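Subject: Structure handover

Hi,

Here is the structure I promised to pass on to you. Please open it next to this message and follow along.

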Amino acid sequence: MTDVLLYHHIQGLTDGVRSFADSLRQAGHTVHTPDLFDGRTFGSIEEGFGFARESGLDAIRERGIAAADDLGPGLVYAGFSFGVTIAQRLAQTRPGARGALLMDSCLPVAEFGERWPEGVPVQIHGKEDDEFFDEDLPAARELAGSTANAELFVYPGDQHLFADSSLDAYDPEASALLMERVRAFLAAV
């Protein structure tokens with residue numbers, strides 16, 4: 001099965017992120033979930049961003065990179081929203097990356113290199129009317145169009161972090177479809 005390094009979103013390593021990881025573990029995958037906020041979770045995106053800005057966004061991202069250092073190559077890098085900033089960087093820059101799962105966010109490929117790495121499959125998931133994902137949708141479309149190894153899935157609705165079952169934004173139907181697609185992706189890498 002597959003080794004996955006899953007980075008949490010700006011509200012922290014919530015019960016919903018843990019549950020998502022547990023669902024992948026039940027499918028036979030090894031899932032690492034570093035807690036970049038040292039046990040803190042936040043009731044809103046704004047509160048989480050406040051904490052992250054105060055702590056230093058770059059310092060938190062570097063902690064995420066360091067978590068990957070301990071695991072070696074051959075990982076699928078995955079992230080929710082803020083966690084995508086780390087997962088995408090690693091998928092684009094680490095030799096041996098097996099794939100990337102970018103949920104609720106996608107950065108321009110040019111942030112980390114000239115092009116998406118050859119042979120590294122990627123899935124991008126987001127809601128069509130999510131105000132945060134809407135900003136990233138052009139980059140997601142560009143990435144999806146740049147390589148045969150990319151899939152972009154846009155779901156109806158406006159919820160950000162819709163696959164986190166512990167948040168009000170949770171969308172059970174879209175989350176189930178996302179999980180089905182993620183499991184198929186992981187079975188194929």
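Below are my notes on the strands, one helix, the aromatic rings and a few residue pairs.

First, the basis of the notes: this is a predicted model, in which local features need pLDDT of at least 70 and side-chain atom pairs count only at pLDDT 80 or more, while totals for chains, interfaces and linings use all residues. Residues are numbered from 1 along each chain as its sequence is written, and side-chain values use heavy atoms, with hydrogens and water left out.

**Strands**

Helices (H or I, at least four residues) and strands (E, at least two) are DSSP runs, numbered from the N terminus. A good place to start is strand E1, residues 3-7. Four of its five residues are buried (under 20% relative accessible area, with over 50% called exposed and anything in between partly exposed; 1.4 Å probe, protein chains only), so E1 is largely enclosed by the rest of the structure.

Strands count as paired if DSSP finds at least two bridges between them. E1 runs parallel to strand E2 (residues 30-32), and three bridges join them; Asp3 stands opposite Thr30 of E2. Between these two strands the chain passes through helix H1 (residues 15-26), giving a right-handed β-α-β crossover. Right-handed here means that, with the strands pointing away from the viewer, the path from the first strand over the helix to the second runs clockwise. E1 is also parallel to strand E3 (residues 75-80), with five bridges, and Tyr7 faces Gly79 there.

Further along, strands E5 (residues 122-127) and E6 (residues 150-155) are parallel and share six bridges. Gln123 has Glu151 of E6 as its bridge partner. Together with helix H5 (residues 131-146), E5 and E6 form a right-handed β-α-β unit.

**Helix H1**

H1 has 12 residues and spans 16 Å from its first C-alpha to its last, close to the expected 16 Å (1.5 Å times one less than the number of residues). Which residues of H1 are buried? They are Gly16, Val17, Phe20, Ala21, Ser23 and Leu24. Looking down the helix axis, the buried residues of H1 fall within an arc of 150 degrees (taken from the directions from the axis to the C-beta atoms), so they line one face. Asp15 and Gln26, on the other side of H1, are exposed.

Asp15 has a relative accessible area of 59%. Its C-alpha lies 5.9 Å from that of Ser166, although the two are 151 residues apart in sequence. Thr14 is in the loop between E1 and H1 and is buried at 6% relative accessibility. From Thr14 to Ala187 the C-alpha distance is 25 Å, with their positions 173 residues apart in sequence.

**Aromatic rings**

Rings of Phe, Tyr and Trp (its six-membered ring) pair if their centres lie within 6.5 Å; planes under 30 degrees apart are stacked, over 60 edge-to-face and the rest tilted. The count comes to six aromatic pairs. In one of them, Tyr155 and Phe162 have ring centres 5.2 Å apart and planes at 50 degrees, so the pair is tilted. Both partners are buried, Tyr155 at 3% relative accessibility and Phe162 at 1%.

The charged end of Lys127 sits over the ring of Phe162, 5.2 Å from its centre (the rule asks for NZ of Lys or CZ of Arg within 6 Å of the ring centre and within 35 degrees of the ring normal). Elsewhere, ring pairs link Phe37, Phe42, Phe51 and Phe82 into a cluster.

Best wishes
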